[in-house]
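Student: I have a protein model open in front of me and would like to learn how to read it. Could we go through it together, one question at a time?

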Amino acid sequence: MTSFVGRQEELTSLAGMLATARLVTVTGPGGVGKSRLALRAAARAAGAFPDGTWLVEVAPVQDPLLLGHAALEALRLTDGTARAPLDILTEQLAGRRLLIVLDGCEHLVEVCAELADTLLRAVPGLRVLATSRAPLRSPGEHLLTLAPLPVGRVGPGTVPDAVRLFADRARAVLPSFEVTAATAEGIAQLCRRLDGIPLAVELAAGRLRALSVEQITARLDDRFRLLTGGARTALPRHQTLRTTIGWSHELCTVQERLLWARLSVFAGSFDLEAAEYVCAGDGLEPDELLDLLSELVAKSVVLREESAFGVRFRLLDTLREYGGHWLRGAGGEQRLLRRHRDWYLGVATWGEVEWFGPRQAETAGRTGLAHANLRAALEFCLAEPGEEQLALLLAGTLWFYWVGCGHLGEGRHWLDRALALAPEPTEARAKALWVTGYMATLQGDLVAARPALEECRRQAQETGDDRALAYAVHRQGCAALIGDEPARAAELFEEALWHYRTIGELNSNVLMAMFELGIAYLFQGDQESGELWLGQVRELCEEHGEQWAYAYGLYALAYSHWLNGEVRPARAQARESVRLNHLFRDLLGIVLAIDLLALLETEPVGPGEPGDLREARVLQGAAHRIWQAVGKPFFGSRTFNGPHRDCEDRARAGLTEQEFADSFDRGTRLDLDAAVRRALGGDDAAGGPGPLPGTRPVPPEPQPSPVRNS
């Protein structure tokens with residue numbers, strides 16, 4: 001959002017290092033511009049990496065175990081399996097040429113070093129550019145130590161970069177600001193006093209609203225003495241940066257300082273409503289928050305960001321750390337962390353309610369923006385004695401985000417930790433049990449799913465928790481369905497729906513139970529009953545504006561149309577299922593529909609419109625790659641895998657061995673977005689050399705019934 005000043009020599013050096021070294025770390029003190037330099041260098045080097053340059057923001061990640069999940073999310077791979085994220089990354093990145101920027105590694109140096117070393121050994125086409133206050137000390141690491149900006153003398157035609165930076169940021173505050181012969185040396189003196197550290201220079205420029213350059217320089221004297229009287233063992237540059245931040249802190253009013261300290265409990269971005277709830281009280285009135293926050297934005301303490309859902313705010317990490325120091329010193333940190341936790345528990349609770357309705361896609365987006373703060377709230381609950389039940393409640397309430405937005409692996413991470421800490425048979429534990437059982441089922445991990453669901457059912461019966469009983473029975477039906485017991489699954493779904501009706505429950509889970517019951521009947525060859533339930537799902541979704549369960553219903557209806565030999569409507573509904581699931585980045589919904597579309601490509605649409613076996617194999621290859629990020633393909637179920645085998649058999653019979661292999665390989669090179677475009681009838685320009693030429697007629701299918709084949 002602001003111009004890039006200076007650093008041309010460093011950019012040239014960094015470009016040369018990236019061309020020859022596979023791991024480069026930019027080191028230097030906080031606020032010196034490591035992130036800015038790395039991002040600019042990555043942008044310039046983008047042409048050398050056909051599979052892209054990717055930013056992984058390490059700073060918001062506090063739990064070392066979540067670094068892999070954060071990397072998966074940043075790379076848009078999504079951690080949907082029960083495997084370790086590092087295993088998923090090495091597999092998914094194999095054969096790709098890309099640059100990953102790991103930004104802000106200093107608090108997780110060891111795990112960042114392990115991540116970089118493992119990925120670099122497994123992926124020959126990978127380069128890693130890291131930023132950290134300390135080296136990673138990883139094999140093959142090349143270091144670029146970033147010094148402050150030059151602050152030499154101003155002479156004819158010579159303006160030091162620090163002075164240029166100050167002038168540029170000053171014009172943002174005072175458009176008429178100019179560096180003249182009379183003022184140049186005073187500005188240079190100020191920059192020298194700030195050691196040329198870019199963050200310090202920018203904060204100083206922000207003070208020009210109220211002070212002249214000379215006044216700023218004069219006020220630095222007292223503040224330096226005030227804030228350097230502590231630990232003499234701290235690095236001088238770190239002392240200088242803290243002095244500058246401390247001076248900026250002193251220039252704030254008492255109320256602005258208080259708000260700054262309280263805002264430090266936020267991880268990542270936040271909106272005004274969150275700040276008002278968490279930070280108001282005990283000296284800050286709610287109606288003052290907007291003005292105070294605006295002043296902190298004006299003073300470059302808080303960043304203002306635009307999002308699809310309005311204006312959001314963020315503290316720079318260094319400034320957040322400084323505010324946190326003051327908050328801990330004032331003794332109010334625990335109260336603020338609890339209020340922060342309460343707000344984001346409310347975000348999750350409201351999201352669960354809003355998930356069933358026309359604002360479903362918006363709910364997914366808003367919850368995604370809150371992801372870093374939800375992690376912080378969960379971490380607080382798990383670290384603070386006595387908060388374990390709220391950890392269960394928060395992690396369980398977020399089922400819609402873990403399941404519907406492609407975060408199965410992370411969801412199970414939080415639930416497993418919370419369940420281990422809170423064995424008491426509470427309502428929160430019951431919910432956490434069915435949620436983790438549900439997610440394990442979707443990952444094909446029935447060994448973990450069945451005991452969790454059985455415990456939930458037993459506890460619900462013993463405690464009279466009718467709601468938990470309904471969900472436990474429902475999810476046991478899911479486990480039976482993917483365990484190739486469609487008749488038993490149908491019984492359990494019928495029982496669960498009876499419980500749901502008895503307690504008056506109607507939401508996306510209930511609609512999914514209807515969808516799953518419809519599928520169970522289709523797998524048994526009872527199309528009439530299956531289509532009856534799927535019709536109910538469609539009607540209720542349309543009535544309530546529900547899109548997530550609707551997408552799964554369309555997948556099942558497409559499957560039913562295929563059973564009837566109705567290829568054209570089957571393709572239309574399967575494609576719409578892909579499109580809707582892609583809105584939520586629900587990998588499971590996407591891959592099921594793409595695999596069905598592959599089978600439909602083997603079918604002739606009508607006279608003169610033969611199927612396309614090569615395209616079918618391309619889509620199977622694309623689906624294969626997505627399944628690696630979901631879990632066991634088709635949950636390890638023979639029944640769900642039946643249509644896939646039909647498609648594979650048809651393609652093998654009608655293609656040469658080379659065509660069969662090459663087409664599949666073409667599909668595996670498509671990333672998620674390219675695979676979706678391909679499935680929807682577009683090309684794969686982002687993931688391959690172009691559409692496949694020609695089509696190949698499809699031979700007659702000897703066994704038309706998918707139920708018998710499955």
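**Strands, helices and spaces**

Tutor: Let's start with a pair of strands: β2 and strand β3 (residues 98–103) run parallel and are joined by five bridges. Keep in mind that this is a predicted model.

Student: Which residue in β3 does tryptophan 54 stand opposite?

Tutor: Tryptophan 54 falls in β2, which covers 53–57. That strand is bridged to β3. The residue opposite tryptophan 54 in β3 is isoleucine 100.

Student: In what order do the five strands of the open sheet lie?

Tutor: The pairing in this sheet is parallel. The edge strands are β2 and β5 (141–145), each of which pairs on one side only. From one strand to the next, the twist averages 20°. Reading across, the order is β2-β3-β4-β1-β5.

Student: Which residue in β5 stands opposite valine 26?

Tutor: Look at β1 here, since this strand has partners in both β4 and β5. With β4, β1 runs parallel and shares five bridges, and there valine 24 stands opposite leucine 129. With β5, β1 also pairs in the parallel sense over five bridges. In β5, the residue opposite valine 26 is leucine 144.

Student: How many of the residues of β1 are buried?

Tutor: Take the two faces of the strand in turn. Leu23, Thr25 and Thr27 point one way, Val24 and Val26 point the other way, and all are buried. The number of buried residues in β1 is therefore five of five, where buried means under 20% relative accessible area.

Student: At about what angle does helix α2 run to β4?

Tutor: Two helices lie across strands of this sheet. Helix α1 (residues 8–20) lies across β1 (23–27), β3, β4 (126–132) and β5, and runs at about 180° to β5. Helix α2 (residues 34–45) lies across β1, β2, β3, β4 and β5, and its angle to β4 is about 160°.

Student: What is the bridge partner of valine 302 in β7?

Tutor: Now we move to another pair of strands. Strand β6 (residues 302–307) and strand β7 (residues 310–315) run antiparallel, joined by six bridges. They form a hairpin with two residues between them. The partner of valine 302 in β7 is leucine 315.

Student: Is arginine 76 buried, partly exposed or exposed?

Tutor: First find its place: arginine 76 is in the loop between α3 and α4 (85–93). Its phi is positive, about 60°, although this residue is not a glycine. Most residues other than glycine have a negative phi. The relative accessible area of arginine 76 is 39%, so this residue is partly exposed.

Student: Is arginine 137 buried or exposed?

Tutor: Arginine 137 sits in the loop between β4 and β5. Arginine 137 is not a glycine, yet has a positive phi of about 55°. The cut-off for exposed is over 50%. Because its relative accessibility is 73%, arginine 137 counts as exposed.

Student: And is arginine 650 buried or exposed?

Tutor: Arginine 650 lies in helix α31 (residues 638–654). Its C-alpha atom is separated by 48 Å from that of aspartate 63, and the two are 587 residues apart along the chain. With a relative accessible area of 5%, arginine 650 is buried.

Student: About how much space lies in the second largest pocket?

Tutor: The lining can be described by class: 18 nonpolar, ten polar and six charged residues. Among the elements that each supply at least two lining residues are α3 (67–74) and α28 (567–584). The space in the second largest pocket is about 980 Å³. Of the 34 residues that line this pocket, the closest to its centre are Glu73, Gly368, Leu369, His371 and Tyr401.

Student: Which helix gives the most to the lining of the largest cavity?

Tutor: The largest cavity holds about 200 Å³ of space. Of its 15 lining residues, the closest to the centre are Leu442, Phe515, Glu516, Phe635 and Phe640. By class, the lining has 13 nonpolar, one polar and one charged residues. The helix that gives the most, with four residues, is α25.

Definitions and conventions:
Residues numbered from 1 in each chain as written. Predicted model: local features only at pLDDT ≥ 70, side-chain atom pairs only at ≥ 80, totals over all residues. Heavy atoms only, no water. 1 Å grid on protein atoms, 1.4 Å probe; cavity = no way out; pocket = protein on both sides within 12 Å on 5 of 7 lines; lining within 4 Å. Points joined across faces, edges and corners; volume = space filled by probe spheres on them. Nonpolar A, V, L, I, M, F, W, Y, C, P; charged D, E, K, R; others polar. Pairing = 2+ DSSP bridges. Axes fitted to C-alpha atoms, helices over the stretch in contact; angles between N-to-C directions. Contact = heavy atoms within 4.5 Å. Buried < 20%, exposed > 50% of the residue type's maximum accessible area, 1.4 Å probe, protein only.
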